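Me: I am new to this structure. Please show it to me, and then let me ask how its labels are earned.

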Amino acid sequence: AKDSTEKRPSSFEPILKGVLKTLMMLKTATGSYAVTKGILLPGFLGKPDFIGQDWNYSQNKNAPGLGFVFGSQEDVRPDAIKYNWITKDTSLNSFYITTLNQALNLRATLEPVKSFKIELSAMRNLTLSHNEYYKYTPSEGIFKSYSPTETGTFSISYLTWNTHFVTDANDYSNKNFSQFVANIPRVSNILADQNPNTAGTGTPAPYGQGYGQTQQEALTGAFLAAYTGKEPSEKHTKSFMDLIPKPNWRVTYDGLSKLKFFSSFLQSLSISHGYRSVYSVNSFSMNVLYQEANGFPRTLDSAQNFIPKYDMQQVTISEQLSPLIGIDMTWKNSLQTRFEIKRDRTVTLAYTNIQVTEVRGIEYTIGLGYKFKRVTMPFKVGGTKKLSNDLTVKADVSLRDNTTILRKVIEGTNQPSAGT
């Protein structure tokens with residue numbers, strides 16, 4: 001007879017095992033977020049003493065204050081005016097500067113199965129500098145700001161794998177670029193629908209009002225949608241500062257050498273693959289003509305396009321598959337062999353001439369090496385003993401193909417300009 005007290009497995013047991021297995025495949029995870037800020041205020045009248053402080057400048061007040069000395073980023077200009085430790089010399093010609101640096105780095109290592117490792121990484125970097133002249137105006141008897149400017153750089157890990165392997169036609173045209181051009185009116189209309197200040201603009205169809213073919217934000221959104229292989233949407237019209245970093249990866253597997261067949265003639269066999277993509281705004285500066293209403297741009301340029309808050313010279317997507325596939329083998333007889341295929345692509349959108357420059361490369365590498373064991377050096381160390389160590393000799397042969405194509409939006413041309 002069957003024992004009625006026999007325990008039956010819980011229906012939640014497979015789910016619990018699956019959750020635990022997923023959690024256990026995460027081996028390491030690290031992250032760092034660093035913020036560095038700075039203030040430079042010219043025209044200081046005090047005489048810095050111990051730790052940079054004038055301890056008895058005026059009215060028993062020290063200058064510029066302990067908060068400033070120990071890194072406080074609170075605006076010190078009200079105190080500087082109140083206690084008279086900033087010059088009223090109208091010939092002062094140095095910038096009041098505030099700086100901001102942000103650096104985010106995330107890393108994680110996963111091992112779904114033994115000997116199969118996935119290394120994930122993500123990053124975001126921003127530098128921002130605000131400059132202005134801050135000096136005394138005798139006619140008004142007050143301090144005022146003049147010529148404020150804001151400049152910076154930005155980069156973020158991105159994901160453009162979807163379009164990497166699209167090849168050129170015989171006339172050097174490319175589906176990615178054609179999609180970019182087709183996306184411009186679509187992104188333009190998304191931007192126009194978002195902006196309540198479009199009344200009175202005269203942008204011809206099929207473009208949205210105030211966002212013509214050469215408008216910076218319309219071009220940027222269309223570019224990102226095309227080269228990520230996505231449909232244009234509102235997420236492609238966000239400011240670059242609002243972007244979220246995407247994961248890049250490196251994958252390695254060395255479990256084959258542990259199988260009986262391979263272990264009979266190989267000491268080790270490693271297969272690797274790596275992917276890295278970075279979207280960069282190489283340099284941006286605040287548009288002095290920019291004005292906004294209701295949270296959106298409102299001033300137009302001579303082409304009836306809305307002037308964006310930041311003027312960008314160019315944006316770049318830099319992508320490397322390093323390697324696309326790599327195989328490293330060490331044989332039982334100490335011979336080492338290596339084979340790698342690497343691919344890279346750099347796509348730059350320049351706003352001055354509305355042109356996309358695409359540089360692509362592919363590289364094949366074959367490597368050989370040999371480990372000579374217990375090689376005795378022909379000289380003595382310390383005058384008494386000769387060193388004996390393993391000596392590894394390696395030689396690599398690489399073949400690389402580079403192509404540069406200039407793709408012009410307005411002219412609709414695709415022109416090769418360089419290659420090796």
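Here are some short questions and replies on a predicted model.

Me: What makes α4 and α5 oblique to each other?

Reply: Helix α4 spans residues 175-194 and helix α5 spans residues 216-228. They pack at an angle of about 130°, with their axes 7 Å apart. Roughly perpendicular covers 65 to 115 degrees, and roughly antiparallel means over 145. The angle fits neither class, nor the one under 35 degrees, so the pair counts as oblique.

Me: Which residues of α5 make the contact with α4?

Reply: Among them are Leu219, Phe223 and Tyr227. From α4 come residues including Phe177, Phe180 and Val187. By class, the contact has twelve nonpolar, five polar and one charged residues.

Me: Why is tyrosine 227 called buried?

Reply: Buried means under 20% relative accessible area. Tyrosine 227, in helix α5, has 0%, so the label holds. Beyond its sequence neighbours, tyrosine 227 is in contact with residues including Thr160, Phe177, Phe180 and Arg345.

Me: How do you know whether threonine 160 is buried or exposed?

Reply: Its relative accessible area is 0%. The cut-off for buried is under 20%, so threonine 160 is buried. Threonine 160 sits in the loop between β6 and α4. Among the residues it touches are Tyr227, Tyr275 and Ile317.

Me: What makes the link between the side chains of threonine 160 and glutamate 319 a polar contact?

Reply: The distance is 2.9 Å. A polar contact needs a pair of N or O atoms within 3.5 Å, so this distance meets the cut-off.

Technical notes:
Residues are numbered from 1 along each chain as its sequence is written. This is a predicted model: local features need pLDDT of at least 70, side-chain atom pairs count only at pLDDT 80 or more; totals for chains, interfaces and linings use all residues. Side-chain values use heavy atoms; hydrogens and water are left out. Axes are lines fitted to C-alpha atoms, for helices over the stretch in contact, and angles run from 0 to 180 degrees between N-to-C directions. Helices (H or I, at least four residues) and strands (E, at least two) are DSSP runs, numbered from the N terminus. Contact means heavy atoms within 4.5 Å. Ala, Val, Leu, Ile, Met, Phe, Trp, Tyr, Cys and Pro count as nonpolar, Asp, Glu, Lys and Arg as charged, and the others, Gly among them, as polar. Buried means under 20% relative accessible area, exposed over 50%, partly exposed in between (1.4 Å probe, protein chains only). A polar contact is a pair of N or O atoms within 3.5 Å; within protein, one must be able to donate a hydrogen and the other to accept it, and residues adjacent in sequence count only if both atoms are side-chain atoms. Lists of a residue's contacts leave out its neighbours within four places in sequence.
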